[in-house]
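Dear colleague,

Please find below the structure that I am handing over to you, followed by an account of what was found in it.

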Amino acid sequence: MVARPPLRLVIEPMLLGDLPEVQSIESASFTSPWPPHAYRSELEGNRMAHYLVARIHEEVAAYGGMWLMVDEAHITTFAVHPAWRRQRIVERLLLAFLDLAVERGAREATLEVRLSNLAARRLYEKYGFRPVGLRPRYYSDDNEDALIMTTEALDEPRMRERIERLRVELDAAPAPQRPTGDGDRA
């Protein structure tokens with residue numbers, strides 16, 4: 001058996017060429033996916049929008065989006081390809097968005113999450129998001145309410161310490177592993 005080199009995850013800006021893979025992940029992740037033209041419109045015409053992909057070799061394993069509005073970073077979406085889930089990829093994307101928010105002068109970050117999505121809510125709480133409100137019937141597919149979650153000030157010492165502690169923990173975590181049963185992935 002020949003040992004394979006460890007997989008390398010790179011987070012970088014989403015490009016138009018990534019859209020077929022993004023749309024595939026979108027369709028596998030959401031009951032009401034954004035239409036194919038939505039991400040193209042975001043990339044080409046929304047100056048507030050920042051979209052990132054988590055790439056393993058040449059494959060898009062996950063993506064996310066954020067709008068920077070004045071001093072608020074609003075995280076709009078996250079999705080991970082089903083084969084790459086539970087490998088802390090979304091945490092790495094979330095850290096990249098928080099770093100980008102700080103670089104661009106955002107005071108806080110906010111997002112909406114389904115009330116029923118306890119795993120995501122716990123992840124966001126781990127990264128300093130706390131519930132601040134409710135958007136009734138926010139999700140169009142089933143009219144589920146969304147919980148609004150916001151961080152404390154991103155430049156507060158307690159928040160900076162939390163982010164750095166979690167970054168060190170993530171850096172020490174194992175690299176993503178090639179999904180089993182899919183030997184011809186790049």
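A pocket here is an open set of grid points with protein on both sides within 12 Å along at least five of seven lines. Please note that the model is predicted.

**Pockets**

The largest pocket holds about 1400 Å³ of space. Its lining consists of 37 residues, and those nearest the centre are Phe30, Phe78, Ala79, Asn117 and Tyr124. By residue class, the lining of this largest pocket comprises 19 nonpolar, 9 polar and 9 charged residues. At least two lining residues come from each of helix H1 (19–29), strand S4 (72–80), H3, strand S5 (108–114) and helix H4 (118–126). S4 provides the largest share, with 7 residues.

The second largest pocket has a volume of about 170 Å³. Leu9, Ile11, Arg92, Leu95, Ala96, Asp99, Arg167, Leu170 and Asp171 line it. Of these lining residues, 5 are nonpolar and 4 are charged, with no polar ones. Strand S1 (9–13), H3 and helix H5 (157–172) each contribute at least two of them, and the largest share, 4 residues, belongs to H3.

**Helix H3**

Helix H3 supplies residues to the lining of the largest pocket and to that of the second largest pocket. Its 15 residues (89–103) should span 21 Å at 1.5 Å a residue, and the C-alpha atoms at its ends are 21 Å apart, which agrees. Because 12 of the 15 residues are buried, H3 is largely enclosed by the rest of the structure. Among the buried residues of H3 are Arg92, Leu95 and Ala96, which also line the second largest pocket. Just after H3, glycine 105 adopts a positive phi of about 85 degrees.

**Aromatic contacts**

The count of aromatic pairs comes to 6. In one of them, tyrosine 39 and tyrosine 63 meet edge-to-face, at 5.6 Å centre to centre and with 80 degrees between the planes. This pair links distant parts of the chain, since tyrosine 39 lies in helix H2 (residues 36–45) and tyrosine 63 in strand S3 (residues 59–69), 24 residues apart. Both tyrosines, 39 and 63, are buried. Ring pairs also link Trp34, Tyr39, Tyr51 and Tyr63 into a cluster.

Tyrosine 138 and tyrosine 139 form another edge-to-face pair, 5.0 Å centre to centre with 90 degrees between the planes. Tyrosine 138 is partly exposed, at a relative accessible area of 39%, whereas tyrosine 139 counts as buried at 17% relative accessibility. Arginine 114 lies over the face of tyrosine 139, at 4.2 Å from the ring centre.

Yours sincerely

How values were computed. Residues are numbered from 1 along each chain as its sequence is written. This is a predicted model: local features need pLDDT of at least 70, side-chain atom pairs count only at pLDDT 80 or more; totals for chains, interfaces and linings use all residues. Side-chain values use heavy atoms; hydrogens and water are left out. The expected span of a helix is 1.5 Å times one less than its number of residues. Buried means under 20% relative accessible area, exposed over 50%, partly exposed in between (1.4 Å probe, protein chains only). Rings of Phe, Tyr and Trp (its six-membered ring) pair if their centres lie within 6.5 Å; planes under 30 degrees apart count as stacked, over 60 as edge-to-face and the rest as tilted. A charge sits over a ring if NZ of Lys or CZ of Arg is within 6 Å of the ring centre and within 35 degrees of the ring normal. On a 1 Å grid over the protein atoms alone, a cavity is a set of points where a 1.4 Å probe fits but cannot get out, and a pocket is an open set with protein on both sides within 12 Å along at least five of seven lines; lining residues have an atom within 4 Å of a point. Grid points are joined across faces, edges and corners, and a volume is the space filled by probe spheres set on the points. Ala, Val, Leu, Ile, Met, Phe, Trp, Tyr, Cys and Pro count as nonpolar, Asp, Glu, Lys and Arg as charged, and the others, Gly among them, as polar.
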